[in-house]
Each structure stands twice: as structure tokens, then as C-alpha cells.
Amino acid sequence: MKVLVIEDDKEIVDAISLAFQIRWPEAKVISTRLGQKGVEFVETEQPDIVILDLGLPDITGFEVLRQIRRFSAVPTIILTVRTEEADVVKGLEWGADDYITKPFRQLELLARVRSMIRRHTPLEESNLTFGHLQLNTDTGQLYMNDKEIALTVTENHILGYLMKNAGRVVTHSNLAEAVWGDDYPGATDSLKVHIRRLREKIEQDPGKPRIILTKTGVGYFLAKPE
Ligand code: CA
């Protein structure tokens, strides 16, 4: 288990390292204060999870995400001091899996990391089919009419859960628990962003979805294939 921390505030890096040392000693924490170096580390060090600050001295965290997502689906948690929803939404849109607002509690951070790692473990049923969609939840490979579509780890889990429950409405809370291990404040808003990204990838007209449908105020469900 290897954790890559991309953060220029030494105190925060130390706090994260200490949290792991105490509560998860078998995890190895590596860090860098530079975004560009962080991108290199994702390639050379193959971390299991990335914790990413948005404000870095060389390039922004958003740019780091963009570059990472060109070659890796490594689970990535954004660390942000900014509580503005716009930053969080932008981070998720650029391919982050989750976010946590500074200052954070040790236990909260570790719980998020754990749920992110846990959902990397294979589910019993890994090959799912729904209409023209074929998803392998182990590898995250999605095929639509035999064309491969790249998914982030979170998109893979959301779609996998919806496919497993095809025809049934999945509530925001159930979906958040399936994807993140708990239903935390703000999960519904995060889901909304991930669902929008998924629709952009698989719907002909993402504004008028025909595959992933919304049950207003309740959750989402997959429409019966035509
Ligand atoms: Ca910073």
C-alpha cells in the first residue's frame, strides 16, 4: 500500500505521514511539493492512492489531475482549503474521485482512503452487461457497441452499482455507501458531478439522458434497454 501526497505545506504532509504511521503503519507515504514531480511519481512509483493539494508552487492541482488522467486511473483525493463548491466540482470534473476540506480530521482522511482502497477489491460479479454496455468492474473497462470508453475508478463503481441494480431506483445514500463506504455530507452533490461525466461519456444527448435516468430527489436508475 503506497500513498503519494502532492502538497507544498510541510505541516500538512507531516500530519498525513503521522496519521498513517500511527494508524496504518504498513502504508508507505511518499510526497512531493511540486505538481510536475507528482505526475512523474504517479508513473514511476505506481501509488495505490494520491492525495492532491490544489494550490501548488509550479502547476495547479487541476493541471496535475489532467496530466495524471492521461495515463492513470489511480484513485485521487483532492485536499482543498477552499470550501467553494466550484473548486470541488471542477476537481471532480477533471477526474478526482473524492475531496476533503482542510483542516481535516485524521480519522476522516484515513476513512476516505480506506473506502477508496476497499472499493478497489474485486466484487463477486465483475462482468456486467446492460443493453449496449459491457462493463468489467475489476478492470474498469467499459465497452459500448464494442467501442472502449475510459472510466475513472469512481465512474466504474457508480455504473457498476447501477448495472447490478438495473431497473431499480438506487437512492443517493445507497449509491454513496456503495461507492465511498459511507454517505457523507455533500455526497449527493459529488454524485451529481460524476453522473454528469458518465452521461457525457455514454449518452447520445447528455442533456436528455436515455440510459442513466434521474429520480428527482431520490436517486438514479438505468432505463430498460430498448
Ligand atoms: Ca498549497
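## Exposure and two loop residues

A residue counts as exposed when its relative accessible area is over 50%, as buried when that area is under 20%, and as partly exposed in between. In this predicted model, N145 has a relative accessibility of 52% and therefore counts as exposed. The residue belongs to the loop that lies between strand β8 (141–144) and strand β9 (147–149). Although N145 is not a glycine, its phi is positive, at about 50°.

Q46 can be described along similar lines, since this residue, which is also something other than glycine, has a positive phi near 50°. Its place is the loop between helix α2 and strand β3, and because its relative accessibility is 58%, Q46 counts as exposed.

## The parallel sheet and its helix

Which strands make up the open sheet, and in what order do they lie? Five strands form it, in the order β2-β1-β3-β4-β5, and their pairing is parallel. The strands at the edges are β2 (28–32) and β5 (98–101), each of which pairs on one side only. Direction ignored, neighbouring strands of this sheet are turned against each other by 20° on average.

Within the sheet, strand β3 (residues 49–53) and strand β4 (residues 76–80) run parallel and are joined by four bridges; in this pairing, I51 stands opposite I77 in β4. Helix α2 (residues 35–45) lies across β1 (2–6), β2 and β3, and the helix runs at about 165° to β1.

Beyond the edge strand β5, the loop between β5 and α5 (106–118) contains P103. The peptide bond that joins K102 and P103 is cis, with an omega of about -5°.

## The calcium ion

Which residues of the protein provide donors to the calcium ion? They are D8 and D53, each through an OD atom, and G55 through its O atom, and these donors lie 2.2 to 2.3 Å from the ion. Along the sequence, the spacing of the donor residues follows the pattern D-x44-D-x1-G.

Two of these donor residues can also be described by their accessibility. D53 has a relative accessibility of 5%, which means that this residue counts as buried, whereas G55, at 37%, counts as partly exposed.

## N156 and its surroundings

N156 is part of helix α6 (residues 153–164). Is N156 buried or exposed? Because its relative accessibility is 5%, N156 counts as buried.

The side chain of N156 reaches the backbone oxygen of T137 at 3.1 Å. When its neighbours within four places in sequence are left aside, N156 is in contact with L135, N136, T137, G140 and L151, so that T137 appears both in this list of contacts and as the residue whose backbone oxygen the side chain reaches.

## The hairpin of β11 and β12

Strand β11 (residues 212–215) and strand β12 (residues 219–222) run antiparallel, and four bridges join them. At one position of this pairing, K215 stands opposite G219 in β12. The hairpin has three residues between its strands, and here G217 takes a positive phi, near 75°.

Notes
Residues numbered from 1 in each chain as written. Predicted model: local features only at pLDDT ≥ 70, side-chain atom pairs only at ≥ 80, totals over all residues. Heavy atoms only, no water. Donors = N, O, S within 2.8 Å, 3.2 Å for Na, K, Ca; no water. Buried < 20%, exposed > 50% of the residue type's maximum accessible area, 1.4 Å probe, protein only. Helix = DSSP H or I, 4+ residues; strand = E, 2+ residues; numbered from the N terminus. Polar contact = N/O pair within 3.5 Å; in protein donor to acceptor, adjacent residues only side chain to side chain. Contact = heavy atoms within 4.5 Å. Pairing = 2+ DSSP bridges. Axes fitted to C-alpha atoms, helices over the stretch in contact; angles between N-to-C directions.
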